[in-house]
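Reader: I've got the model open and I'd like to go through some of the labels people put on it. Could you take me through the reasoning behind them?

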Amino acid sequence: MKQAFVVIVPDADSPCILSEAKVDADPIDVLAAGDLVYIEETIESDSRPPSGWREAEYRPTPTAVGSLGWLQTKFIGAPVEMSVPPVAIADFVRQCGRAEIAGNAGGSHGAVAILADYLIALAEIESEFTKFENRLPGTSAIGPFQISEEEWAEFLQANPDGDFSPFQRFQALAQVQCAAYLTQRAWKLLQQEASTAAIEEPQQEYIPSFLLLFQSRLVGAKAAFAIDKIHASDELHQPLEDALAKFYPDAAALGALIKRRRRFMNQGSNDVVTTVDEFVEKTANILADAFKSAYGLLKTHFSEFVALPTASDDRPWLATAQAEELLWKDRQLTEDTPAGKKRIKEYFSATSYHPDSVEPWCGAFAAWCMSQNQAPSVEGAATAANWKNWGTLEIRKGSLYDQGAQKTLAGAVVVLHPSKDTGTTGHVCFAINRLETSDKIKCVGGNQKDTVRTDSLDISRIASIRLLVPIVSPTGDDQLILARTIFGEAAGEPVEGIEAVAEVVVNRSASGRYPKSVSSVCLQPYQFSCWNATDPNRTKILSLSPGNGNRAFDVCFDVAGRALSGTIHHFTDGVLHYHADYISKPSWVIDSPHALMERKIGHHLFYSGIS
């Protein structure tokens, strides 16, 4: 890691220049007293610099592209302690919203972990949006998310083609993408822990809650996973210190962790480490409060991003689910009775998975309720985790405490972290309402205590709440829809970058993996973020048409016409994906063993080999 040093000029007659490592060399840059240069703190033993010189980099600002050369040591002053400048809360909130929009493009497998309100809540807990100095003693953590040098270095290594630099750690807005990366990393680590622990069910995927993700931030994914298992057992009252000791065998390291995170691990104001159940309760309460605050900030500073639709009673699948509950109760069905097994088999008929025996069936129940009302389902509906992609809008966890939002909750699809009453990997069910006197949500679903029933479930277990609301469908031919899409995705890019995005769409329509029409490719859910219901650009691009004075759109309309005629050839036919270089690498790239970044054009990275 490079350290910043202030430039000094002890001799006014000797100009301070960045050059080759010799006197009278041609200058690469002329420096003035007070400028900052960046020098690698450690020097490899086999690359000693010439005597009296150090290799240095000068940047006009910490994150700018720098000039690299050699500087005489007499010009190198004291090291500078880098700090994170304040940021306007409105800018920070909107940046978190944009991170969610970009992260969800492409139907990202783990994208549920990138929710703006979680990122905002995490920053409030870690720094209160203003306390950007180091708050975790014994670490290099800094900024709104208290990101350390090691975490930032890992982030850079995971995103070698991204538009990130080492010193962007000292920018509050840049930390948003690193926080999103670390959250998705925790999501995957928790799923790996579940697999290692043989917590697997046919056709299912382990679903972490945001509480578990938050606890992973505090103690690490392995320890958080173990604590979650302990909390679900009869040993939940054991000392937290004992539960952590397995993962922090060095007593000094464990003590340092507890000291850093005493707010969450100590009982009251005393230096007494709490128990597992109290740790879970305390972290759940702190996160719930932060979610409420985050929702309020989104409503204030990014209102169009969290605008809720007018309440509608047109969610007939909820009535179907409640009718099934009565049927199971009247006939005394369970998944172990012959009639119950027969009914479960009918539920699976609404999915693409048809097991011969009873397997986790909450997803199948949800799909069957939808099918009875000609309502949309999801691909792989038997898998509970796949329901996090259902519908058009995410209901924010903080909004559950908003009286106005309560009216929209009935019939929403709720995806939850597992519990002993709903399965070992996760669960999906239908919301009825939130209980006013507790942090619980009343839901009806299948495979709840081996039957169809209504239960009150902890809000802290929620991974996603999805709502289906009508949205205005764009009209027009392929050229108009494609032009609107590439305007929404790449209007600020050079013409070559606009052409490249258009070519990806055309490649998809010819690939056999996507819809055949270009319009259908553009409008496929969760593929091009400009069409997402929560994207503020959606309303704007719906109104665009050529020849109305918008020169940027006219360029896009021309590019769309040329793409459809087959005259644009920047890539092979296998390039079907791209993402912006200012976001962390999406999970659909990480999870594709043959992914190849073919080319960077403008601010987009284009890929072939995506699974």
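Reader: Let's start with Ala-198: in which loop is it found?

Author: Ala-198 sits in the loop between helix 4 (172–196) and helix 5 (210–219). Keep in mind that this is a predicted model. The residue has a positive phi of about 60 degrees, although it is not a glycine.

Reader: And why is Ala-198 called exposed?

Author: Its relative accessible area is 59%. The cut-off for exposed is over 50%, so Ala-198 counts as exposed.

Reader: What about Asn-447, buried or exposed?

Author: Asn-447 has 10% relative accessibility. Buried means under 20%, so Asn-447 counts as buried. Asn-447 also has a positive phi, of about 65 degrees, without being a glycine, and its place is in strand 11.

Reader: What makes Val-444 a buried residue?

Author: Val-444, which is found in strand 11, has 0% relative accessibility. With the limit for buried at under 20%, Val-444 therefore qualifies. Leaving aside neighbours within four places in sequence, Val-444 is in contact with Leu-318, Ala-321, Gln-322, Glu-325, Cys-429, Phe-430, Ile-432, Arg-453 and Thr-454.

Reader: How far apart in space are Val-444 and Gln-171?

Author: They are 45 Å apart, C-alpha to C-alpha, with their positions 273 residues apart in sequence.

Reader: How do you know that strand 10 pairs with strand 11 (residues 440–448)?

Author: Count the bridges: 4 of them join the two strands, which run antiparallel. Pairing takes at least two bridges, so strand 10 and strand 11 pair. One of the partnerships is Phe-430 with Val-444 in strand 11. The two strands form a hairpin, with 5 residues between them.

Reader: What joins strand 9 (residues 413–416) to strand 10?

Author: Again 4 bridges, and these strands run antiparallel. Leu-416 stands opposite His-427 in strand 10.

Reader: What makes strand 10 (residues 427–434) mostly covered?

Author: Of its 8 residues, 7 are buried.

Reader: Now the helices. Why is helix 3 called roughly perpendicular to helix 4?

Author: Helix 3 (residues 149–158) packs against helix 4 at an angle of about 85 degrees, and their axes are 10 Å apart. Angles of 65 to 115 degrees count as roughly perpendicular, so the label fits helix 3 and helix 4.

Reader: Which residues make that contact between helix 3 and helix 4?

Author: Helix 3 supplies Glu-151, Trp-152, Glu-154, Phe-155 and Ala-158, while helix 4 brings Ala-174, Gln-175, Gln-177, Cys-178, Tyr-181, Leu-182 and Arg-185. Sorted by class, this contact has 7 nonpolar, 2 polar and 3 charged residues.

Reader: Last topic, the cores. How many residues does the largest nonpolar core have?

Author: The largest nonpolar core has 71 residues, and Phe-145, Val-219, Ile-227, Leu-244, Met-265, Phe-279 and Leu-287 have the most contacts inside it. Helix 10 (residues 276–301) gives the most to this core, with 12 residues. Apart from this core lies another one of 35 residues, among them Leu-327, Ala-364, Ala-375 and Ala-381.

Reader: Which residues does Val-219 touch?

Author: Not counting residues up to four places away in sequence, Val-219 touches Ala-224, Ile-227, Leu-244, Tyr-248, Leu-257, Met-265 and Phe-279. In soluble globular proteins, nonpolar side chains tend to be buried together.

Key. Residues are numbered from 1 along each chain as its sequence is written. This is a predicted model: local features need pLDDT of at least 70, side-chain atom pairs count only at pLDDT 80 or more; totals for chains, interfaces and linings use all residues. Side-chain values use heavy atoms; hydrogens and water are left out. A nonpolar core is a set of buried Ala, Val, Leu, Ile, Met, Phe, Trp, Tyr and Cys residues joined through side-chain atoms within 4.5 Å. Buried means under 20% relative accessible area, exposed over 50%, partly exposed in between (1.4 Å probe, protein chains only). Contact means heavy atoms within 4.5 Å. Axes are lines fitted to C-alpha atoms, for helices over the stretch in contact, and angles run from 0 to 180 degrees between N-to-C directions. Angles under 35 degrees count as roughly parallel, over 145 as roughly antiparallel, 65 to 115 as roughly perpendicular and the rest as oblique. Ala, Val, Leu, Ile, Met, Phe, Trp, Tyr, Cys and Pro count as nonpolar, Asp, Glu, Lys and Arg as charged, and the others, Gly among them, as polar.
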